Amino acid sequence: MWGVKQGRRREPGRRRVLFFGTYDASVYQRIAVLEEGFRAYGDEVVTCNAPLRLPTGQRVAMLRRPWLAYRLVFALLRSWARLVAEARHVGHVDVVVVGYMGQFDVHLARLLWPRVPIVLDHLVPAAEAAVDRRCRNRLLVAALRLLDWSATRTADVVCVDTREHLALAGRRGGVVAPVGASGVWFAPPRKHDRPPLKVVFFGSFTPLQGAPVIACAAKLLEGENVEVTMIGRGQDWDAAHAAADGARNITWIDWIDPAQLPLVVAEHDVCLGIFGTGLKALSVVPTKVFQGAAAGAAIVTSGSAPQREAFGDAAVFVAPGDPLELANALSTLAQDRVRVEELRRAASSYRPVSVIEPLAATLDLVHA
């Protein structure tokens, strides 16, 4: 009853990969990276997508007031109705990839394609995200842990971005595939050999990003040859403004068209990563770090184990949550432009085809 009608495979040896779910590709670039990677491998990529369109602010509100979850239920059912209707016209698929934040979607995918391998892109467990958002409702966190557990057991392959997240997933057979950056971010490095040192941070101001730490560091650098641009808004925006204390070397930009963001980042010398101290902050290598490196900026970020493993000598690492150490690192770079250019050239380039290599190899075994 639930399984969709399967067509015939079009080309022997070539996978037909379906990206499925309520993910929002305009918000999470991970989807674009995986799609580009599969295409670079020569696979055919098709989509069945009905974005949930539930703003981050409303999701955060639900963590504080769980009775608002009815909004999620209504939005999910509306999107699922569209997904079921579209799935009837997809035809044969060899693999179903359920996009990020697909803890609910993976169950619908299993109903629709009961005999097709299903990959769950499980970058961040829902329970971990709730704790990072400072949710103190233990029952809600426990329910989210159960949701994560159920989702990872329903999928055939669980794809995460770090070994730390693989451990949190708590199951064997997972695949570690770095977040990477989509092709639009890769540009020839541009040399900026005149002061001041131009530093950029962009994000949604979540606790893991540590925006108040950045703002405080910028305040400490007021009067030096360092200019900081802060792009975005979110949960910690007010705290970041308070930490900046009117610093004149910070430019605040609420929003930039995503299509223009790679060009904006490429015009800066340094791209800042994350500086939070929570479990989530210590377990991820965020998309913005890969994107900044791809755009040709030197990377300065916290010295968590995953980030050190991913970038090695191609980044400057500072202690999480330490604005003084961050300020000292940026001050040193401002006085050593040769080092800045070395970092710009050395930054890792996780192109999409490289990102999916471990996932593609695992799927080859599944199909063998």
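**Close-up 1. Phenylalanine 20 is buried, and tryptophan 113 is buried too.** Everything in these views comes from a predicted model. The ring centres of phenylalanine 20 and tryptophan 113 are 5.3 Å apart and the ring planes meet at 80°, so we call this pair edge-to-face; the cut-off for that label is over 60 degrees. Phenylalanine 20 belongs to strand S1 (residues 16-21), while tryptophan 113 sits in the loop between helix H4 (105-112) and strand S4 (118-121), so the pair ties together parts that lie 93 residues apart in sequence. If you go hunting for aromatic pairs across the whole structure, you'll find seven.

**Close-up 2. Here's another edge-to-face pair: phenylalanine 201 with phenylalanine 205.** The planes of these two rings are at 85° and their centres 5.6 Å apart, so the pair counts as edge-to-face. Phenylalanine 201 is buried, at a relative accessible area of 0%. Phenylalanine 205 is buried as well, and its relative accessible area is also given as 0%.

**Close-up 3. Two rings here each have a charged residue over them.** Look at tryptophan 237: the charged end of arginine 233 sits over its ring, 3.6 Å from the ring centre. Then there's phenylalanine 202, with lysine 288 lying over its face at 4.8 Å from the centre of the ring.

**Close-up 4. Helix H13 covers residues 323-334 and has a cap at its N-terminal end.** The cap is aspartate 322: one of its side-chain oxygens is 3.1 Å from the backbone nitrogen of leucine 324. How far should the 12 residues of H13 span? At 1.5 Å a residue the expected figure is 16 Å, and the C-alpha atoms at the two ends are 16 Å apart, so the two agree. As for what's tucked away, the buried residues of H13 are Leu326, Ala327, Ala329, Leu330, Ser331, Leu333 and Ala334. When you read that list, keep in mind that an α-helix has 3.6 residues a turn, so residues three or four places apart point the same way.

**Close-up 5. The second largest pocket holds about 310 Å³ of space.** Its lining is made up of 19 residues, and those nearest the centre of the pocket are Pro125, Ala127, Glu128, Arg145 and Leu168. Which helices each supply at least two residues of the lining? They're helix H5 (126-132), helix H6 (138-154) and helix H7 (163-169). H6 gives the most to this lining, chipping in five residues.

Key: Residues numbered from 1 in each chain as written. Predicted model: local features only at pLDDT ≥ 70, side-chain atom pairs only at ≥ 80, totals over all residues. Heavy atoms only, no water. Phe/Tyr/Trp six-rings, centres within 6.5 Å; stacked < 30°, edge-to-face > 60°. Helix = DSSP H or I, 4+ residues; strand = E, 2+ residues; numbered from the N terminus. Buried < 20%, exposed > 50% of the residue type's maximum accessible area, 1.4 Å probe, protein only. Lys NZ or Arg CZ within 6 Å of the ring centre and 35° of its normal. Expected span 1.5 Å × (residues − 1). Polar contact = N/O pair within 3.5 Å; in protein donor to acceptor, adjacent residues only side chain to side chain. 1 Å grid on protein atoms, 1.4 Å probe; cavity = no way out; pocket = protein on both sides within 12 Å on 5 of 7 lines; lining within 4 Å. Points joined across faces, edges and corners; volume = space filled by probe spheres on them.
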